[in-house]
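Student: I have a structure open and don't know how to read it. Can you walk me through a few features?

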Amino acid sequence: MATVLYIMAHPLSQIQENESNCLSVGRAFITEYQAAHPNDEVVELNLYQMDVPPIDQDVFMGWKKARKGREVELTEDERKKLARHTELVDQFIGADKYVIVNPMWNKLFPPILKQYIDTLCVARKTFTYTADGPIGLLGEKKLLHIQSQGGIYSSGPLAGEEMGHRYITLVCEILGITDAGVLFIEGQDQYPDRADVIRREAIERAKQAAKVF
């Protein structure tokens, strides 16, 4: 049995998913995945509805104290935020597969996703430093990134401006995840007369991808 983290970085709730291209396609994927893999566990994370502490002064100073073995000096806020960071990274390490779903916002993705990723890149837990450079420790995992974008960014003149999946790819390299794919839902704003078709085609691609993920 595998554990899948279904990670949503969109402010809409589940009851509003039809209003979002990425959430609609993501839901089609995860529903088909559960049908094809009934023994697997799917854990849904809506980052907008979770406690994802940013790297603020409490976290920064907490890390500094912990590295020096001064945990007794941690403030209550520092202790809580570091504990929450540990919960999130341990949950991520404990899973086998990841599905990240987000819209493109201003060439990137919603900031809450970057905030979450910051909790995952932890030396000696998800990667380690060596004389030859950092090496990821999650090489047996696999990931699918589902991203909606109003224009065409997967190819053509705007390809160099797409930063969301490029960043996810770099993070996978840090963590050692080599089995990482992407499913773009794109062009619905550029070609509004085809928006419904673009969504339907993306849903079908998602369903096919789910069967073999």
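Tutor: We'll take cysteines and then one strand. This is a predicted model, where local features need pLDDT of at least 70, side-chain atom pairs count only at pLDDT 80 or more, and totals for chains, interfaces and linings use all residues. Residues are numbered from 1 along each chain as its sequence is written, and side-chain values use heavy atoms, leaving out hydrogens and water.

Student: How many disulfides does the rule give?

Tutor: A disulfide is a covalent bond between the sulfur atoms of two cysteines. The rule asks for a pair of cysteine sulfur atoms within 2.5 Å, and by it the count is zero. For Cys 22, the nearest cysteine sulfur belongs to Cys 172 and is 18 Å away. The closest cysteine sulfur to that of Cys 172 is in Cys 121, at 9.6 Å, too far for a bond.

Student: Is Cys 22 buried or exposed?

Tutor: Buried means under 20% relative accessible area, exposed over 50%, and partly exposed in between (1.4 Å probe, protein chains only). Cys 22 counts as buried because its relative accessibility is 0%.

Student: Which residues lie on each side of strand 6?

Tutor: In a regular strand the side chains alternate between the two faces of the sheet. Strands here are DSSP runs (E, at least two residues), numbered from the N terminus. In strand 6, Lys 142, Leu 144, Ile 146 and Ser 148 are on one side, with Leu 143, His 145, Gln 147 and Gln 149 on the other, and all are buried.

Student: What does strand 6 pair with?

Tutor: Two strands pair if DSSP finds at least two bridges between them. Strand 6 runs parallel to strand 3 (residues 97–103), with seven bridges, and pairs in the parallel sense with strand 7 (residues 179–186) over eight.

Notes. Helices (H or I, at least four residues) and strands (E, at least two) are DSSP runs, numbered from the N terminus.
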